[in-house]
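Please work through the exercises below with the sequence and the 3D view side by side. Try each task on your own before you read the solution under it.

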Amino acid sequence: MNFKQIPNKFENLNWQEVDSIAKEKRSTVIWPFGAVEQHGPHLPLATDSIFVDEIISEVLKLFTSDVPIKKLPTQYIGFSPEHKGFPGTISLSSNLITSMIREIGVQLSEMGFKRLILINGHGGQISLLNTAARELRSCAPCMAVFPCFMWSGVNGLSELLTKTEVEVGLHASLAETSLMLALKPELVGDERPHEVIKGKIPEGWSLEGNAPTAWLTNDFSKSGVIGDSRGANECLGKNLKELLINHWFKLIMNLMQSDWPN
Ligand SMILES: [Zn+2]
């Protein structure tokens, strides 16, 4: 008797399963991107990778097995030059990452996949993945490519957070610490650093706003935290987890119900 179920993980499929899924009209691959970089004295290096891997794995569990979407192994090491100087941070060059996305993406397109979602958990590589996606699309015009940031465009997110977190919580602060408390509390240390950069930047300029600067964490944080991690709690983390899962399930479901780009 055969109990085999079709797995969500691309790497657990066999070649014949990939062949038939890729040929489906709406075949889609989702490829999570994170980072291995300092996240303060209380969060693990792989924080961004763990988040995107866990959230997308949960999202995919909500789809029935006949929906042709499969998850590539999460790319743990990313582009993190801003955290250089903090031991443990490992960063690949932008060239290497864009080449990897192009090479792997072209092969997926050649197999017959119609869409590739690059779902990213690390704010420092949003523009890099946008660039890589556009390059890949020009090399594989038959495959739509979606470079997405896990925390962007999530309705209700700012309502769950404090004003400080929304304005200056960039790294390892309230949201990330809370989410990790909900996902992997055994990886969270006791410290709750508080390093808010408000007032240090010239008027009209910002870290990531309309007139941004290419900042280094060393410019304004000793602990590695940018924002306020005090007040982080598991309950907030669970609410964030639920919000992120619902948001991405809805968006991916919309895609899976459409024939885009045809
Ligand atoms: Zn992070």
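The exercises that follow concern a predicted model, and each one is solved step by step.

**Exercise 1. The zinc site**

Task: Find which residues coordinate the zinc ion, and state where D48 and E176 lie along the chain.

Solution: Begin at the zinc ion and look for the atoms that coordinate it, which are NE2 of H39, an OD atom of D48 and an OE atom of E176, at 2.0 to 2.3 Å. Next, read these donors along the chain, where they follow the spacing H-x8-D-x127-E. D48 belongs to helix α2 (residues 47-61) and E176 to helix α7, so this pair ties together parts that are 128 residues apart in sequence. Finally, check the accessibility of these two residues: both D48 and E176 are buried.

**Exercise 2. Two features of the backbone**

Task: Work out which two residues are joined by a cis peptide bond, and whether A172, whose phi is positive, is buried or exposed.

Solution: As a starting point, recall that most residues other than glycine have a negative phi, and that most peptide bonds are trans. The cis peptide bond is the one between W260 and P261, with omega at about 10°, and P261 is found in the segment after α8 (234-256). Turning to A172, its phi is near 60°, a positive value in a residue that is not glycine. A172 sits in the loop between α6 (163-168) and α7 (174-183). Its relative accessibility is 0%, and because buried means under 20%, A172 counts as buried.

**Exercise 3. The pockets and the cavity**

Task: Describe the largest pocket, and then determine which residues line the second largest pocket and the largest cavity.

Solution: The largest pocket has a volume of about 840 Å³. Its lining consists of 35 residues, and those nearest its centre are E165, V166, G169, L170 and E208. The elements that contribute two or more residues to this lining are α5 (157-160), α6 and α7, and α6 gives the most, with four residues. Sorted by class, the lining of the largest pocket has 15 nonpolar, 12 polar and eight charged residues.

The second largest pocket has a volume of about 180 Å³. F79, P81, E82, G123, G124, L207, E208, P212, T213, A214 and W215 line the second largest pocket, and by class they divide into six nonpolar, three polar and two charged residues.

For the last step, look for enclosed space: the structure holds one cavity of 30 Å³ or more, and the volume of the largest cavity is about 30 Å³. Its lining is made of N8, L60, F63, T64, S65, V67, I69 and K70, of which four are nonpolar, three polar and one charged.

**Exercise 4. The nonpolar cores**

Task: Identify which residues have the most contacts inside the largest nonpolar core, and which element supplies the largest share of this core.

Solution: The largest nonpolar core has 40 residues, and W151, W248 and I252 have the most contacts inside it. At least two residues of this core come from each of α2, β3 (115-120), β4 (144-149), α7 and α8, while the largest share, eight residues, is supplied by α8. Now take W151 and set aside its neighbours within four places in sequence: W151 is then in contact with F51, G121, L157, A175, L179, L240 and L244. Apart from the largest core lies another core, of 23 residues, including L13, L72, L116 and M143.

Methods:
Residues numbered from 1 in each chain as written. Predicted model: local features only at pLDDT ≥ 70, side-chain atom pairs only at ≥ 80, totals over all residues. Heavy atoms only, no water. Buried < 20%, exposed > 50% of the residue type's maximum accessible area, 1.4 Å probe, protein only. Donors = N, O, S within 2.8 Å, 3.2 Å for Na, K, Ca; no water. 1 Å grid on protein atoms, 1.4 Å probe; cavity = no way out; pocket = protein on both sides within 12 Å on 5 of 7 lines; lining within 4 Å. Points joined across faces, edges and corners; volume = space filled by probe spheres on them. Nonpolar A, V, L, I, M, F, W, Y, C, P; charged D, E, K, R; others polar. Core = buried A, V, L, I, M, F, W, Y, C linked by side-chain atoms within 4.5 Å. Contact = heavy atoms within 4.5 Å.
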